[in-house]
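Biologist: Please show me the structure, and then we can go through it by question and answer.

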Amino acid sequence: EMIQIAEPEELLQKGYVFSENYKYAVKNMEDRRNGIFRTSNGELIGTKTSGRAVLNERTIPKDTDKVRLMNYFDGGSNIEVLNFWNYILAVSAGECRGKEFDGEARKAINMAIKTYTWHFLLVPKNDAMGYDITTKMQAYAPSYISENKKVTEDMEAVHNVWMESYKGAIFEANYVAGSKNSAGKSKSGRLLQNGCEYMIRIGRCATCYECLHYYYDNSKASNGGPVRFFDSNKNELSY
């Protein structure tokens, strides 16, 4: 959960102290990005999870794939089973409601959203409890979709484009809001939504792919190299 707030290395720099198990956690996170799964004691589990797919292959969701969403609300929680595409569209609407994101900025955010979501279908947040992802991790808001037709258009524009790490893994493409009128840190491994909008608006980035390279290239999220793109037929794309 802490990676939603800060990278472990950043917490160390701020003076936080971790237990001896920290080194195992770092190793497990690195292995996970490469499609290798281990127990907390470092024992190899294998390269498959939940019978869904192999993390380090160019997998893409089928039209019938479902997201098992742990939905938290005042006074309780429940698990909803939702179509993958309907779910990520509702997350796009919930994450960025403003029309200033329309176009290339929203496309970049959508690429992060669907990469992040697909990662957690391959590596569920809590498979034992029966869910892949939670409403504490993404802003799921289907009621906002109808507010702006560009939400659907911008998702359709990147429907058949997929992102993977430098080493070919479907990675945990973290993203946060960030500050307005600031690009934020390059190669941080976390996309900044407001940063994308800012860079597109001032002409610092011309396309959504330039934004994605700015934040993810040569970061731990991308295994130290530039992110790569492929289409639904698993063909390499030169963006």
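**Aromatic pairs, core and sheet**

Biologist: Is Trp-118 buried or exposed?
Modeller: Buried is under 20% relative accessible area, exposed is over 50%, and partly exposed lies in between, with a 1.4 Å probe and protein chains only. Trp-118 has a relative accessibility of 5%, so Trp-118 counts as buried.

Biologist: Which atoms do the side-chain values use?
Modeller: This is a predicted model, in which local features need pLDDT of at least 70 and side-chain atom pairs count only at pLDDT 80 or more, while totals for chains, interfaces and linings use all residues. Residues are numbered from 1 along each chain as its sequence is written, and, with hydrogens and water left out, side-chain values use heavy atoms.

Biologist: What kind of aromatic pair do Phe-84 and Trp-118 form?
Modeller: Rings of Phe, Tyr and Trp (its six-membered ring) pair if their centres lie within 6.5 Å; planes under 30 degrees apart are stacked, over 60 edge-to-face, and the rest tilted. The whole structure holds 11 aromatic pairs. In the pair of Phe-84 and Trp-118 the centres are 6.0 Å apart and the planes at 80°, so the pair is edge-to-face.

Biologist: How many residues apart are Phe-84 and Trp-118?
Modeller: Helices (H or I, at least four residues) and strands (E, at least two) are DSSP runs numbered from the N terminus. Phe-84 is in helix H3 (residues 84-95) and Trp-118 in helix H4 (residues 104-122), so the pair links distant parts of the chain. Phe-84 is buried at a relative accessible area of 0%. Along the chain, the two residues of the pair are 34 residues apart.

Biologist: How is the pair of Tyr-209 and Tyr-239 classed?
Modeller: The centres are 3.9 Å apart and the planes differ by 10°, which makes the pair stacked. Tyr-209 lies in helix H7 (residues 208-216) and Tyr-239 in the segment after strand S12 (236-237), so the pair ties together parts 30 residues apart in sequence. Tyr-209 is buried at 11%, whereas Tyr-239, at 46%, is partly exposed. By its geometry the pair is stacked.

Biologist: Which residue lies over the face of Trp-162?
Modeller: A charge sits over a ring if NZ of Lys or CZ of Arg is within 6 Å of the ring centre and within 35 degrees of the ring normal. Trp-162 belongs to a cluster linked by ring pairs, with Phe-84, Trp-85 and Trp-118. At 3.9 Å from the ring centre of Trp-162 lies Lys-114.

Biologist: Which helix gives the largest share of the largest nonpolar core?
Modeller: A nonpolar core is a set of buried Ala, Val, Leu, Ile, Met, Phe, Trp, Tyr and Cys residues joined through side-chain atoms within 4.5 Å. The largest has 54 residues, and Met-163, Leu-191, Leu-212 and Tyr-216 touch the most other members. The largest share, 11 residues, comes from H4.

Biologist: Which strands stand at the edges of the sheet with the order S6-S5-S7?
Modeller: Strands pair if DSSP finds at least two bridges between them. This open sheet of 3 strands has mixed pairing. Each edge strand has a single partner strand, so one side of each is left without a neighbour in the sheet; the edge strands are S6 (76-83) and S7 (133-134).

Biologist: How many bridges join S5 to S6?
Modeller: Strand S5 (residues 66-73) runs antiparallel to S6, and Phe-73 stands opposite Gly-76 in S6. The number of bridges joining S5 to S6 is 8.
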